[in-house]
Amino acid sequence: MARRHVVIVGGGVMGAATAFFLARDHGAAVTVLERDPTYARASSALSASSIRVQFSQPVNIALSRWSLAFLRRAGDELAVGGERPAIGLVEPGYLYLATDAGAGVLRANHAVQQRCGAEVALLEPAALRARWPWLHTGDLALGALGLSTPTSGEGWFDGPALAQALRRKAAACGARFVAAEATGFDTRGDRVHAVRTADGAAVAADAVVIAAGAWSAPLAACLGVELPVRARKRDVFVFDAPAALPGCPLVIDPCGLWFRPEGRGFLCGMPPREPWPGDPDEPPLEAIDHGLFDDVIWPALAHRVPAFEAVRRRAAWAGYYEMNVFDHNGLAGALPGWCNAFTACGFSGHGMQQAPAVGCALAALLVGVPSHAPDLAPLSPARIAQGRPLTERNVI
């Protein structure tokens, strides 16, 4: 029997994870088409690379718990020639903070998380002050901290190292990574037979996966499928502070600010304030909104952590969220109307952390066998045309 040939468009973390599981676990022949092998603009290369279980939708909790278990053993799973990749996973947790206005949502989310096996502790202001004396709690009503246990945990890791390790392992298992820009498809009936590239080539395929991040929607449109995935720029700032914050988790402030330790300094960010046209190629990604730090982020940092009144911005970069503007959840599964075309995109900021689970489940779906990863059915792209949103309340 001939090996099934799958062509994946997009070599970022989602495409690489799918290629890895297809090649290693199912013996598929895999070709990954990536227009920019430097990954200079890829969402996964510019991600803040954190992982959490504090979601409001059970599917997201399940995907992140499964992926966390994979990340914990990534050195073994992705070793090549005796070399074990180091992805720098640490698990200090996420700390969501809420005022009176947001405490009810935090409690409702916590109830869902408990039912799904996520270990999260609710902390009153007195407990917050006792645990983190450097935290200003005067306007807070509640906090939620993700705990590290054998089956749950939250923290951050080296995302580019994970993506590189997935690509390297996939290649060692036989996947081919080809520098080429996909521009369209050859189809007959409800099947895609080949992916067309900018140089005029046609790459034959038994199945195709669109995993091109913020660039996925135009490719799906070639197949008559509308994916509500748009580019949303996120600025990430690196700053130094003279004060140490013992036990600092990743903190999410009620105003939208987030910050966490990184090496000898801190990373931080906030939802962007400038309008963005939704084209991931225009304007330049390098157009960082430095005023966002000075005018909005710094005052918010100093309010929540008084020791942050004296900070020094050291660096910044910008990356894209491939935002699913329909419901802020990933799109993973078969494209409506096609029997062999699939997608994995639109994860709205949590794609990096969920890529191992999604890649495993999607690979099994492609070859028609059961998967031990969480079921992707809730993330089916069919929900778009059906007007059936799966709304995620916990979006950072």
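N60 is buried, at 0% relative accessibility. This holds in a predicted model, and the residue serves here as the point of entry to the structure. N60 belongs to helix α2, which spans residues 58-72.

The surroundings of N60 may be considered next. Apart from neighbours within four places in sequence, N60 is in contact with F55, N329, H350, Q354 and E392. Two of these partners also take part in polar contacts with the side chain of N60. One such contact, of 2.6 Å, is made with the side chain of N329. In the other, the side chains of N60 and E392 are joined at 2.9 Å.

From N329 the account turns to H328, which is placed in the loop between β17 (312-324) and β18 (331-334). At 30% relative accessibility, H328 counts as partly exposed, because the partly exposed class lies between the limits of 20% and 50%. The backbone of H328 deserves attention as well: its phi is positive, about 60 degrees, although H328 is not a glycine. Most residues other than glycine have a negative phi.

A positive phi is also found at S49, where the angle is near 55 degrees and the residue is again not a glycine. S49 lies in the loop between β2 (29-34) and β3 (50-51). With a relative accessible area of 3%, S49 is buried, since that class takes in values under 20%.

Definitions and conventions: Residues numbered from 1 in each chain as written. Predicted model: local features only at pLDDT ≥ 70, side-chain atom pairs only at ≥ 80, totals over all residues. Heavy atoms only, no water. Helix = DSSP H or I, 4+ residues; strand = E, 2+ residues; numbered from the N terminus. Buried < 20%, exposed > 50% of the residue type's maximum accessible area, 1.4 Å probe, protein only. Polar contact = N/O pair within 3.5 Å; in protein donor to acceptor, adjacent residues only side chain to side chain. Contact = heavy atoms within 4.5 Å.
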